[in-house]
Amino acid sequence: MNNASPVRAWLGLLVVLGPVLLVAMDGSVLFLAMPAITGALSPSADQSLWILDSYGFAVGSLLIAFGTIGDRYGRKRLLLIGAAMFGLGSVGAAFATSPESLIAFRVLMGVAGATLLPSALAVLGTLFTDPRRRAQAIGIFAATFAAGFAIGPTVAGQLLSRFWWGSVLLINVPVVLLFLMFAPILLGEVRATVAGRIDVASVATSAAGLLLAMYAVKHTAAEGISATATGAGLVGAVLLGWFGRRQGQIANPLIDFALFRNRVFTIAIVTGFLPLAAWSATAYLGGIYLQSVLDLTVTDAALLAVPGAVVLTVTAVVTPAIAARIGRSAALVTAHFTIVAGLLLLLPTGTSTGAGWYIAATAVAGIGYGISFSVVADIAVAAVPAERAGSAAALAETGNELGNALGIALFGSLAALVFRIGGPDLAPTLGATLDLPDLLPAAAANARSAFVDGLHVVAAAAAVLHALLGLVALRVLRSRPVNVESTEPTPVGL
């Protein structure tokens, strides 16, 4: 496949883009579906958060490990296995009959997604041997990934207006089947000449530590302090601490923490994490706000998400050309302060009006999100020596996926805490409260107001964090500007 014809190469790229789009979309496709899922399955507050972010946790915690597995056993083989698993997980999730089963199938989808992203990108190297064509293909790859995150809620809204909530997951199946039909024909196998050893203990402790720590945060926010949540948090912290120490003691660490000694690299990775955390949390809370507070139909809510999705996608596509002129450092700083402006536009939203503010907020913040999705990995890779570029790119990928998951876990838990403190204390979530029989109008108004307060607190907290990171980035990158000509474009979040 190293000598693939141009037509075959572009057809191969088209085939690869299908799973890439699905993996990105499934990080956000349930945002607008949560009110319907709540009505059908009656999940608790922390189960609702797990339904949303268990997928991202699985993808983020296993990306690097599956990259090594693909190097050893073959990228195309892993792509085919992962796509099949993704399809099966999608079918299982679509027909789930309980919150627990839906969470389990979302985890399976996340494991499958972790097999797809690193292998799909590696396969592009065999399809496009010409550096210029390969750069174009990688740009399309990155734009597709960004578009998937952005259009997930919009696609879900259109489906939910016609079908039941499981349809937003069943749309994965036709794409998976087409991929399984054409990938064996168009894609070549890729193996590393020397594959790194997979440290199973590191994979297990990092995943378990994250899950236990996030369980503690979400359970405490939704239901208050308990011995179970406290114990889980302590065990999770111990596991994560042991994981961190182990990475400095083994030959093939999952995370090369030495890279974080480079301040530019650290800013790039945190920038990859924080914008996706803010975007995923506000998209999730915004979907509930539009439907359960403003009483909009799911179709109308989906239409209101379109401007932000379009702005984000277009910005991700044009940013590489703009960054080549103004510099990636300037683009990165601009991203942070544009996101701050967009988040602050959510603060005027209220219980009776706010749709216009929501559109303005998502459109303005979408500019910043699109910039960050496009330049983060480039900056991370350019900041380290060439022989460590692979580790830098892998950390950029992992940071993005964990940002998507942790954004809902942490910011979502913050919103749940505000709702629990300020709400009528009749049910753990807004949806469950509004579904209560004989609910008094005053209690319903109180619940909606408490939810809006939670949205405002999350938006303000995320804006403050972006402003602080933007100021740090301005100071560090001004003294150590990134060379925009030294590296080939590398997609963020892939």
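Mentor: A helix here is a DSSP run of H or I with at least four residues, numbered from the N terminus. V318 sits in one such run, α12, residues 298-326. Keep in mind that the model is predicted.

Trainee: Why is V318 called partly exposed?

Mentor: Its relative accessible area is 35%. Buried means under 20% and exposed means over 50%. The value of 35% falls in between, so V318 is partly exposed.

Trainee: What makes V310, V314, V317, V318, I322 and I326 a nonpolar patch?

Mentor: A patch takes residues with over 30% relative accessible area and no salt bridge, and nonpolar side chains are joined within 5 Å. V318, at 35%, is over that 30% limit. Together the six have about 490 Å² of accessible area on the surface.

Trainee: Turn to α10. How do you know that the length of α10 is close to the one expected?

Mentor: Helix α10 runs over residues 227-247 and has 21 residues. From first C-alpha to last it reaches 30 Å. At 1.5 Å a residue, 30 Å is also what is expected.

Trainee: Which residues of α10 are buried?

Mentor: They are A229, A232, G236, F243 and Q247. They cover an arc of only 60° around the axis, which puts them on the same side of α10.

Trainee: And which exposed residues does the face of α10 turned away from its buried side carry?

Mentor: That face carries A227, L234, V238 and R245.

Trainee: What links A229 to H219?

Mentor: Their C-alpha atoms are 6.3 Å apart in space, with their positions 10 residues apart in sequence. H219 belongs to helix α9, residues 200-223.

Trainee: Is H219 buried or exposed?

Mentor: H219 is buried: its relative accessible area is 12%, and the cut-off for buried is under 20%.

Trainee: How do you know that α13 is largely enclosed?

Mentor: Count the residues. Of the 17 in α13, 12 are buried, so the rest of the structure largely encloses this helix. Among the buried ones are R328, H336, T338 and G342. The span agrees with expectation too: 24 Å expected for residues 328-344, 25 Å between the end C-alpha atoms.

Trainee: How many aromatic pairs are there?

Mentor: The count comes to 3. One of them joins Y55 and F86, edge-to-face, with 6.5 Å centre to centre and 70° between the planes. Y55 lies in α3 (residues 45-73) and F86 in α4 (residues 75-94), so the pair ties together parts 31 residues apart in sequence.

Trainee: Why is the Y55 and F86 pair called edge-to-face?

Mentor: Planes over 60 degrees apart count as edge-to-face. This pair has 70° between its planes, so the name fits. Y55 is buried at 0% relative accessibility. F86 is buried as well, at 1%.

Trainee: What kind of pair do F260 and F265 form?

Mentor: Edge-to-face, with 5.3 Å centre to centre and 70° between the planes. F265 is buried at 0% relative accessibility, whereas F260 is partly exposed at 30%.

Trainee: What makes R448 and D295 a salt bridge?

Mentor: The rule asks for a side-chain nitrogen of Lys or Arg within 4 Å of a carboxyl oxygen of Asp or Glu. Here the closest N and O atoms are 3.7 Å apart. That is within the limit, so R448 and D295 qualify. The structure holds 1 salt bridge.

Trainee: Where does D295 lie, and where R448?

Mentor: R448 is in helix α17, residues 441-479, and D295 in the loop between α11 and α12. They are 153 residues apart, so this pair links distant parts of the chain. D295 counts as exposed at 52% relative accessibility, over the 50% cut-off.

Trainee: How far apart are A432 and S44?

Mentor: They are 388 residues apart in sequence and 8.5 Å apart in space, C-alpha to C-alpha. A432 is in helix α16, residues 430-434. A relative accessible area of 22% makes A432 partly exposed.

Trainee: What is notable about the phi of D425?

Mentor: Most residues other than glycine have a negative phi. D425 is not a glycine, yet its phi is positive, about 60°. D438 also has a positive phi of about 60°.

Trainee: Where are D425 and D438 found?

Mentor: D425 is in the loop between α15 and α16, and D438 in the loop between α16 and α17. At 63% relative accessibility D425 is exposed. D438, at 76%, is exposed too.

Definitions and conventions. Residues numbered from 1 in each chain as written. Predicted model: local features only at pLDDT ≥ 70, side-chain atom pairs only at ≥ 80, totals over all residues. Heavy atoms only, no water. Patch = residues over 30% accessible without salt bridge, like charges linked within 9 Å, V, L, I, M, F, W, Y side chains within 5 Å. Areas by Shrake-Rupley, 256 points an atom, 1.4 Å probe, with all protein chains shown as cover. Helix = DSSP H or I, 4+ residues; strand = E, 2+ residues; numbered from the N terminus. Buried < 20%, exposed > 50% of the residue type's maximum accessible area, 1.4 Å probe, protein only. Expected span 1.5 Å × (residues − 1). Arc of directions from axis to C-beta. Phe/Tyr/Trp six-rings, centres within 6.5 Å; stacked < 30°, edge-to-face > 60°.
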